[in-house]
Amino acid sequence: MDKLYWLEQIKLLDRAEVGDKAFYLSRIMQRGYPVLSGFVIPASVLREFLENLNSSETLIADLPNSSLHLDVGNWRQLQQVAERLRQEIISATVSPELLTAISQATQNWETQCLIFRPSLTFPTLKHGVANISGLLDSQICHCEQEAIASALKQTWSQLFRARSLLCWQQAGIDLQHINLAILVQPIHNALASGLVSTNSSHWEIQASYGLGIAIAHGEVLPDVYYIQPETSIVQEQQLGYKLLAYCINNNENSGVDVQSTSISLPKQDESGLQVYLLTEAQQQAYALPEECLQQLIRLTNQLVKELGKHLTLEWTISQQTLSGTLYITQISLPQSEVSNLHFIKGLGAATGKITAPAHVIHSQQRPEQLPKGVILVAPAITPNWLPILEQAAGIITEYGGITSHAAILARELGIPAVVNAASATTVIHNGEQLLIDGDKGEIYRLNTEVQQEETTRRQSDQFLPFLSFSHHTTPSNQSASIPEAAKRLQNRNYLRARVSPLLQNGSESSAALNPAFHHTPTTNDNTVSSTTNSSTKESIIATQLLVNLSQPSLIEQVLSLPIDGVGLLRSELMVLNILEGQHPLNWLTNGRQDVLLERWYEQILQFAQAFAPQPVFYRSLDWRSRELQSSSENLQSSPQSMLGERGTFSYLVNPAVFELELAALANVQQSGYTNIHLILPFVRTVEEFDFCRQKVEEARLNRVPHFQLWMMAEVPSVLFLLPEYVKAGVQGISIGTNDLTQLLLGVDREQGQFAKAFDERHPAVMNAVAQLIRTARELGIPCSICGQAPALYPEIIDHLIKWGITSISVEPEAVARTYQAIARAEQRLILEAARRQMQ
C-alpha cells in the first residue's frame, strides 16, 4: 500500500492524495495552530481497493473506470444501484497490510476510539450547486482491526450513496475525478464543541455540550455568541436549547455527566458513541466556560489576521486534561481566501517578506538576464549568479541550506529568500504572484487581485533603524566599585568613543593588540541623528561590530550603520562583477592580465576609500571547482566534490591568480590607503600558510606598518595548530562557523535536508569556538567571527563576549539586532562583575 500521510508532514504536492479537509488542517497545524495529530489514508488506497473488488457483475468490475452516468430522475434505479455498490464494498476484504499499518500508526495514541473523517478533492462545481462539505459523515470506531476495517469501508461506501450519486451527477463531476481520502485521528470526550463563522462585520460562535455530532445532526439549538471583530468583545449572547449530548462510550467518561437514562444508538458497540440527556442545570447554563470562550476568541482573531476576514472553523474542547484542550477540527475558507494557505515550506534563509511575480528557471545554468523585481525560482544558485541577482526581489531555491550560496547572497543583497523548497520549480508557475516569507521559510500563491499590502522589507528599510547614526559617543562615568576586569571593558568603550586612541591596559585586551582598529577621530563621531531611538543612543558597545560585504553598490547604505569597518570582504563575490563569466585563469591565459589587474584594483579601492580609516579585511579567493563553470578546463577537481581545490591549497597548485590579487592589494596601498588587510581562506596546514606569507612579502604588502595577515579559522586542524600558525606569522584569526560546523559535524551545509543536523550551536562547535577565542587571547592576537552563527542565533553572542571575542562581523541586514545583542551582553557582563564585587 501507499504510505500514510501524517498531518505534520503533508506538502502542497500531496493535496490530491489527502483531500482538502486534511490538507487545510495540515497547513494550519504546520503554522502552529492547535490541531490534533493524525494521518491520512490516501485516495490511491481507495482506487486500489475498488480495482481489487472480485465481482463478475459489469457494474462492479468497471467501477474504477466508470463515470456512473445514471438516470437520477429514476429514483428507484438510483436507490438500487447505490445499494448494490455499497453492499459490494461493505462485504469486501481490506488488505491485512493496510490494517496493520493503521493499527501500528495508532499504537501510541492514548485513546480507545478513532474517528475516520472523509477528505475530498474534486473539480470546481457548476455554478449554483449547493455546498457538499457535509455530504459524507465521519465514522467512529474502537481500535481493534475488525472495527477499523468496518469504519474504513463504511466511509468509502458513502461515496456511492444515492444522495452522493445524485450530487455528483447534478454537479457535473465525473466519479473518476473524485479523490476520497480518510483522515484518521484519536477522539476523546469533549467539554464542548461548535462552530465559528466570521465576516467583516461580526463573528458568530456556536457551542453545545459534548462532541460536535449533536450540532451537525441538528439535534440541538446551540448557544450563540456575537463578537465585534475590531474589539473582540462579546456584543450579545443567546442561550440555546440543548437537551442531549454525545460522548464516547469507552470507560473514559470522567468529567462527562452521563445520566442513568441514556439513548441507545444503532450499533453502539461498534461506533463507541453514546447519547446522554443533559440535566436541567446544564440546559440552563452556557456550554462554553468564560475562559474557553476567550481562548477561542483569541484563536479566531489570530486566524482572521493571517487568513482573511471570511472563514468557518469547527472546534472542540477535548477533555484530555481537566481544564480542557482547544483543537481545530476543520477549517473552511471562501475561494478568494484559500490561496493564502497554498504554500510550500522551506528554510527561511534571508529575512523579510515580498510579494512579486515568479520567474522560474528549471536549469542550473545561469540565465543571461533577469527581469527586474521578480522572485527568482531556481533549483540552486552558485556565486556566478550574483550579477543578475541584483534585479531580483526575492529568491527561492529547491536545494541548499541556511549557509548556502543562495542564502548568503540574499542576506547581503537584503532580499528575502527561502531555500530547500522541494519541487518549487515544478509547483510554481512562471508569472504567478507569490508572497515569500524569509523568516518563516514559507511561500504563498496569491490571487491576482491580492495587492502588495504585505510587509516588504527592502534594503533601505532594513537599514532604517540606524540611518544617520554614529554610535561613537562618550560613555557614562565609570563606577569605582566595579572590579578591574569590568573597568577594562569600560575603558574599551572609550576607545570606541574615540576619546582615547589606545587602551591604557592594552596588554590584557586583545582589542588593544590589534592596530587595525586604531582610528583617527572623524568630524561626525560625536553626532547622533535626532531620528535615532533613545535605546541606541545609550547603548555604547566595546566589541567591534563589522560587516560582511562584496558589492560596491551597497557601500553607501552600509556607511550609515554603526560599524567599525568591513570584517569580511568576499573577493570571490566581489570580482564576479568584473570577470564577464570567465575564470581569472582564462584572463591570464588570454593575455589580459593587465586589464584584469586594473579592474581588481578598482574594485578593492572602492571599499578602502569608503571605509578609511576603518579597516577592510579582504579575504582572498575561495572558490570550489564547480562554482565558476567556465573554469572546468583549468581545474582538475570533480564537479561533485564538496570541497574541491579550495582556499590556499589552490594557490599552491596554481599561484598566478593569488599573485594577481596581491598585486591589486599592493596598488591600493600605493594609492595611499593603508586600511586594507588580508585574510587567507581555508588554510589546512602551516606549510600552506608559509607559502602564502612568502608571496605576501614578495608583494611588499607588509611594508605598511599596520598591515595584518590573518587566516580563516574554519578547518578543524587550526584547533591543534594555532600556536604554530602564530609562530609562522599569523596576526589574527576570523572564525568561519559555516565551514567549521560542516567539517566538525560531517554535514554538507549546501544540503537543506540536513538543516536540523547543521546547527552551529552544537556543543562540539561551541567548544571549538571557545577554544579558538581563548587560545587567541593567550597568544596575544585578535579573534573575530564572520560566519552566520551570530546573525542566525543572537543568543550565542553572550558566550562570545564572555570568552573574549575581539569583533563580530555580520551581514548588513543583521547589524541592528547584532548591535543590540552585543550591548545587552556587555551590560550583563558589567552588572555581573559589579554584583560579584559587592558580595
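In the predicted model, the axes of helix α22 (residues 593-611) and helix α24 (residues 656-670) come within 8 Å and cross at roughly 50°. Angles from 65 to 115 degrees would count as roughly perpendicular and those under 35 degrees as roughly parallel; the two helices are therefore oblique to each other. The crossing in which α22 passes α24 is right-handed. On the α22 side, the contact is made by Q593, L596, L597, W600, Y601, I604, L605 and A608. These residues meet V657, L660, E661, A663, A664, L665, N667 and V668 of α24. Sorted by class, the residues of this contact comprise 13 nonpolar, 2 polar and 1 charged.

A second region of interest involves strands β7, β8 and β9. Strand β8, which spans residues 223-228, is mostly covered, with 5 of its 6 residues buried. Strand β8 pairs with β7 (residues 203-209) in the antiparallel sense, and 5 bridges link these two strands. Within this pairing, W203 has I227 of β8 as its bridge partner. Strand β8 also pairs with β9 (residues 233-238), again in the antiparallel sense and over 5 bridges. Here Q228 is matched with I233, its bridge partner in β9. The connection between β8 and β9 is a hairpin with 4 residues between the strands. In the turn of this hairpin, S232 adopts a positive phi of about 60°.

Strand β17 likewise has two pairing partners, β21 and β18. This strand covers residues 353-360 and is mostly covered, 6 of its 8 residues being buried. Strands β17 and β21 (residues 433-437) run antiparallel and are joined by 5 bridges. The bridge partner of I354 in β21 is I436. By contrast, the pairing of β17 with β18 (residues 374-378) is parallel and comprises 3 bridges. In that pairing, A358 stands opposite I375 of β18. Strand β17 thus takes part in an antiparallel pairing with β21 and a parallel pairing with β18, whereas β8 pairs in the antiparallel sense with β7 and with β9.

Methods:
Residues are numbered from 1 along each chain as its sequence is written. This is a predicted model: local features need pLDDT of at least 70, side-chain atom pairs count only at pLDDT 80 or more; totals for chains, interfaces and linings use all residues. Side-chain values use heavy atoms; hydrogens and water are left out. Buried means under 20% relative accessible area, exposed over 50%, partly exposed in between (1.4 Å probe, protein chains only). Two strands pair if DSSP finds at least two bridges between them. Axes are lines fitted to C-alpha atoms, for helices over the stretch in contact, and angles run from 0 to 180 degrees between N-to-C directions. Angles under 35 degrees count as roughly parallel, over 145 as roughly antiparallel, 65 to 115 as roughly perpendicular and the rest as oblique. A crossing is left-handed if the near helix is turned anticlockwise from the far one by less than a right angle, and right-handed if clockwise. Contact means heavy atoms within 4.5 Å. Ala, Val, Leu, Ile, Met, Phe, Trp, Tyr, Cys and Pro count as nonpolar, Asp, Glu, Lys and Arg as charged, and the others, Gly among them, as polar.
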